[in-house]
Amino acid sequence: MMIRRFFSLTVLLLLTLGVPAGAGQGSLRLDSLFQALHSTTDAAYAESVEEHIWDFWLDHPDPTMVRDMRAGVFSLNSDDYGSALRVFDAVVARDPSYAEGWNKRAATHYMLGDYRSAMLDLRHALSLEPRHFGALVELGLVYLALGDEKPALRAFDAALRINPHLDRVRAQADTIRFRAAGTDL
């Protein structure tokens with residue numbers, strides 16, 4: 001309980017100190033969030049920390065980029081993949097160092113069934129932010145869509161090492177492990 005309060009206080013302090021977020025992935029704020037995510041056993045707290053990480057990843061110093069990302073996410077969530085792809089193409093062209101732009105474009109390619117492009121974009125996102133558990137999960141899904149379970153499992157396990165609170169990912173990884181061992185759940 002004391003550790004959770006310490007991390008809660010640390011996260012709150014870092015969030016209120018105004019450490020600038022931007023396209024660059026490395027910062028004390030993000031490092032602290034990952035430490036808190038990995039250390040906590042409280043599911044509700046982990047969910048809150050994960051939301052802050054996603055907010056950080058979506059943030060950008062250029063308000064136009066933030067607006068465009070929100071529009072692209074809206075299009076993606078509305079199954080308007082053509083519009084989403086156009087937005088995310090423009091985002092990564094304007095700032096190739098913005099990992100979340102690559103990740104969202106990969107999600108769009110995945111939804112369109114263009115797994116090769118999704119994989120390339122995910123690898124680029126991960127080169128910019130190796131702790132991007134969302135990109136790792138999506139990479140695992142791409143491998144599953146291609147019928148290649150071994151690298152899917154490696155991607156899922158890598159995501160779980162970063163964010164051990166991904167229960168659905170853990171269940172998917174366990175299913176793959178049981179299938180590989182020749183057992184049913």
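A residue is called buried when its relative accessible area is under 20%, exposed when that area is over 50%, and partly exposed in between (1.4 Å probe, protein chains only). The structure is a predicted model, in which local features need pLDDT of at least 70 and side-chain atom pairs count only at pLDDT 80 or more, while totals for chains, interfaces and linings use all residues. Residues are numbered from 1 along each chain as its sequence is written, and side-chain values use heavy atoms, with hydrogens and water left out.

**Exercise 1. Place Asp121 in the structure and classify its accessibility.**

Step 1. Asp121 belongs to helix α7; helices here are DSSP runs (H or I, at least four residues), numbered from the N terminus.

Step 2. The relative accessible area of Asp121 is 4%, so Asp121 is buried.

Step 3. Contact means heavy atoms within 4.5 Å. Not counting residues up to four places away in sequence, Asp121 touches Trp102, Arg105, Ala106 and His109. Those four names also appear among the buried residues of α6.

**Exercise 2. Check the length of α7 and state what covers its buried residues.**

Step 1. The expected span of a helix is 1.5 Å times one less than its number of residues. Helix α7 (residues 115-128) has 14 residues and should span 20 Å; its end C-alpha atoms are 20 Å apart, which agrees.

Step 2. The buried residues of α7 are Ser117, Ala118, Met119, Asp121, Leu122, Ala125 and Leu126.

Step 3. The cover over these residues includes α6 (99-111) and α8 (133-145).

**Exercise 3. Describe α6: its span, its burial and its surroundings.**

Step 1. The 13 residues of α6 should span 18 Å at 1.5 Å a residue, and the end C-alpha atoms are 19 Å apart, which agrees.

Step 2. Of the 13 residues of α6, 11 are buried, so the helix is mostly covered. The buried set runs through Ala99, Glu100, Gly101, Trp102, Asn103, Lys104, Arg105, Ala106, Ala107, Thr108 and His109.

Step 3. Elements covering them include α3 (43-58), α4, α5, α7 and α8.

Step 4. After α6 comes Gly113, with a positive phi near 80°.

**Exercise 4. Which residues does Tyr81 contact, leaving aside its neighbours within four places in sequence?**

Step 1. Tyr81 is found in helix α5. With 16% relative accessibility, Tyr81 counts as buried.

Step 2. Outside those neighbours, Tyr81 is in contact with Leu76, Thr108, Met111 and Leu112.

Step 3. Tyr81 and Arg105 are 24 residues apart in sequence, and their C-alpha atoms are 9.7 Å apart in space.

**Exercise 5. Work through three salt bridges and say where the partners lie.**

Step 1. A salt bridge is a side-chain nitrogen of Lys or Arg within 4 Å of a carboxyl oxygen of Asp or Glu. The whole structure holds 10 of them.

Step 2. In the pair Asp31 and Arg131, the closest N and O atoms are 2.7 Å apart. Asp31 lies in helix α2 (residues 28-39) and Arg131 in the loop between α7 and α8, so the bridge ties together parts that are 100 residues apart in sequence. Asp31 is partly exposed at 35% relative accessibility, and Arg131 is partly exposed at 23%. Asp31, Glu129 and Arg131 are linked in a network of salt bridges.

Step 3. Arg94 forms a salt bridge with Asp68, with 2.6 Å between the closest N and O atoms. Arg94 is in helix α5 (residues 81-94) and Asp68 in helix α4 (residues 63-77), so this pair joins parts that are 26 residues apart in sequence. Arg94 is partly exposed, with a relative accessible area of 41%, whereas Asp68 counts as buried at 15%.

Step 4. The side chains of Glu100 and Lys104 also form a salt bridge, 2.7 Å from N to O. Both residues lie in helix α6, 4 residues apart, about one turn of the helix. Glu100 and Lys104 are both buried.

**Exercise 6. How do α8 and α9 pack, parallel or antiparallel?**

Step 1. Axes are lines fitted to C-alpha atoms, for helices over the stretch in contact, and angles run from 0 to 180 degrees between N-to-C directions. The axes of α8 and helix α9 (residues 149-162) come within 8 Å and cross at roughly 165°.

Step 2. Angles under 35 degrees count as roughly parallel, over 145 as roughly antiparallel, 65 to 115 as roughly perpendicular and the rest as oblique. The two helices are therefore roughly antiparallel.

Step 3. Residues of α8 that meet α9 include Phe133, Leu136 and Val137; on the α9 side, Ala152, Ala155 and Phe156 are among the partners.
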